[in-house]
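Biologist: I should be grateful for a close look at the surroundings of the ligand in this protein. Please then place that part within the rest of the chain, in terms that a first-year student can follow.

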Amino acid sequence: MTEFLYIHFPFCIKKCIYCDFLSVPYDKSLASKYIDALCLELRMRKHSVSKLKAIYIGGGTPSLLPVERFKHLFECVRNNFCWSPSIEITVEANPGTISESNVNELVSLGVNRMSIGVQSFNDAELKTLGRVHSSEDAERAIHTVKNAGVRNLSLDLIYGIPGQTIETWKASASEAVAFSPCHISSYELTPEKNTPLYKSIETHQIKMPDEELVLEMYAHAIQYFTNNGFEHYEISNFALPEFRCIHNLNYWERGEYIGAGAGAHSFINDVRSRNTQDIHQYIEMLNMGLIPEVESTKIDKADAIKEFLFLGLRKTEGISLAQAEDFGLNIPDACTELIEEDYLRIKNKNLRLTKKGLPVSNSVIVSLFEKLEIR
Ligand code: SF4
């Protein structure tokens with residue numbers, strides 16, 4: 001039984017050039033049928049959920065959904081689940097799709113956290129990314145959300161954008177902080193295969209910034225956000241005290257969750273499963289009374305150890321040595337070299353990445369797997 005629910009809304013106005021999330025162009029009629037199917041799925045999955053602590057509605061662009069359909073979705077959630085009075089309910093929003101009336105409605109439905117995909121306050125960079133909004137739209141959206149009384153506001157930023165300089169990155173970071181959000185996610189732009197960005201790099205139409213510059217941008221984010229009262233609690237995430245995203249923390253801690261919607265993942269009873277990514281098949285299967293899962297893997301001990309290290313070390317507080325011992329891992333012995341080289345350190349009985357290890361976390365974790373003879 002889990003206390004965490006993720007709902008995926010796979011529609012956007014237009015695909016951004018770097019995006020490899022499941023999203024298709026918004027179609028009002030298809031999105032409406034999709035919400036009906038989602039409600040069927042939620043009803044089928046209600047027995048796996050106890051009292052909810054967090055609901056995260058992500059996408060895609062959930063803020064595209066008309067208010068009436070949002071109401072229907074929330075009615076369905078309320079009819080099938082109970083939730084704790086301190087529940088965190090997040091909706092992801094794209095600037096340009098936020099109006100005063102729809103945010104007020106979301107708040108009246110119980111939404112108390114909004115995550116706005118600002119990405120940059122520089123219009124040229126937004127254009128490079130293929131975003132549909134301008135920096136002015138982002139500013140307007142932030143004001144609208146704040147005026148609606150949403151205190152728990154999170155802003156997403158991207159660094160390492162082609163053409164971005166350290167100055168423009170610093171300007172975006174400082175503009176974000178000036179809006180007094182409670183949470184900032186700051187992601188490095190990673191060219192994923194099968195995206196237009198990847199193809200443009202392959203064909204030399206776009207050049208990614210130098211690695212050194214990207215590292216400087218990351219270092220600036222850490223220094224600037226922490227100097228402004230944010231805790232750097234995960235590789236890419238910063239929060240004011242008490243405003244860490246509990247939905248994401250559950251994921252990094254290998255907590256169970258239900259994912260509803262096309263392409264959504266669930267983790268229940270040591271089984272990781274995934275729904276079909278085909279939106280039409282998703283709707284059809286649910287209309288036939290079938291759970292739309294197409295993949296399901298039982299996580300054995302070896303997989304659990306990998307996940308524990310890989311996900312747990314994303315948190316800056318790291319992993320507990322006691323928990324590692326329960327998995328049969330002798331961390332202090334295996335990490336001697338990585339500690340000597342200042343990539344990892346042990347503090348308060350936890351193993352964590354150092355300042356030097358954070359930007360190269362993937363290779364540090366791969367080395368750790370080798371030392372621990374994990375394959
Ligand atoms: S708004 Fe987000 S989900 Fe939609 S295309 Fe852009 S990056 Fe992808």
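Modeller: The account below begins at the ligand, follows the loop beside it, and then turns to the rest of the protein.

The model is predicted, and each value given here is computed from it. Around the ligand stand Cys 12, Lys 15, Cys 16, Cys 19, Phe 21, Ser 23, Gly 59, Gly 60, Thr 61, Asn 94 and Gly 117. Sorted by class, this shell holds 4 nonpolar, 6 polar and 1 charged residues. The charged class takes in Asp, Glu, Lys and Arg, while Gly is counted as polar.

Two of the residues around the ligand, Gly 59 and Gly 60, deserve a closer look. The peptide bond that joins Gly 59 and Gly 60 is cis, with omega at about 15°. Gly 60 lies in the loop that runs between strand S4 (49-59) and helix H2 (67-80).

Ser 63 is found in that loop between S4 and H2 as well. Is Ser 63 buried or exposed? It is buried, because 27 other C-beta atoms lie within 10 Å, and 20 or more are needed for a residue to count as buried. When its neighbours within four places in sequence are left aside, Ser 63 is in contact with Val 91, Ala 93, Asn 94, Thr 97 and Ile 98. Of these partners, Asn 94 has already appeared as one of the residues around the ligand. Ser 63 can also be compared with Phe 11: the two are 52 residues apart in sequence, and their C-alpha atoms are 9.8 Å apart in space.

The view may now be widened to the protein as a whole. It contains 15 helices and 17 strands. Along the principal axes, its C-alpha atoms fill a box of roughly 60 × 45 × 45 Å. For 375 residues, a compact globule would have a radius of gyration near 21 Å, and the protein agrees with this because its own value is 21 Å. Buried residues account for 41% of the 375 residues. Among contacts between residues at least 6 apart in sequence, 71% join residues at least 24 apart.

The domain assignment of the protein gives domain 1 (2-252) and domain 2 (301-371). The C-alpha centres of these two domains are 28 Å apart. Where they meet, 7 residues of domain 1 are in contact with 8 residues of domain 2. On the side of domain 1 that touches domain 2, helix H8 (211-227) and strand S9 (231-234) each supply at least two residues. S9 gives the most to this side, with 3 residues. By class, the side of domain 1 that touches domain 2 has 5 nonpolar, 1 polar and 1 charged residues.

An open sheet is formed by 3 strands in the order S15-S17-S16, with antiparallel pairing. Strand S15 (319-320) and strand S16 (344-347) stand at the edges and have a single partner strand each, so one side of each is left without a neighbour in the sheet. S16 is joined by 4 bridges to strand S17 (residues 350-353), and these two run antiparallel. Within this pair, Arg 345 has Arg 352 in S17 as its bridge partner.

Another antiparallel pair is made by S12 and S13, which 4 bridges join. His 265 stands opposite Arg 274 in S13. S12 and S13 form a hairpin with 2 residues between them, and Asn 269 in the turn has a positive phi of about 50°. Asp 270, in the loop between strand S12 (265-268) and strand S13 (271-275), has a positive phi of about 65° although it is not a glycine. Asp 270 counts as partly exposed because it has 14 C-beta neighbours inside 10 Å.

A further residue other than glycine with a positive phi is Glu 242, where the value is near 75°. Glu 242 is placed in the loop between strand S10 (237-239) and helix H9 (246-252). With 8 other C-beta atoms within 10 Å, Glu 242 is exposed, because a residue counts as exposed if 12 or fewer such atoms lie within that distance.

To return to the part requested, the loop between S4 and H2 holds Gly 60, which is one of the residues around the ligand, and Ser 63, which is buried.

Notes. Residues numbered from 1 in each chain as written. Predicted model: local features only at pLDDT ≥ 70, side-chain atom pairs only at ≥ 80, totals over all residues. Near = placed C-beta within 6 Å. Domains from an automatic or database assignment. Contact = placed C-beta atoms within 7 Å. Pairing = 2+ DSSP bridges. Rg over C-alpha atoms; globule rule 2.2 N^0.38 Å.
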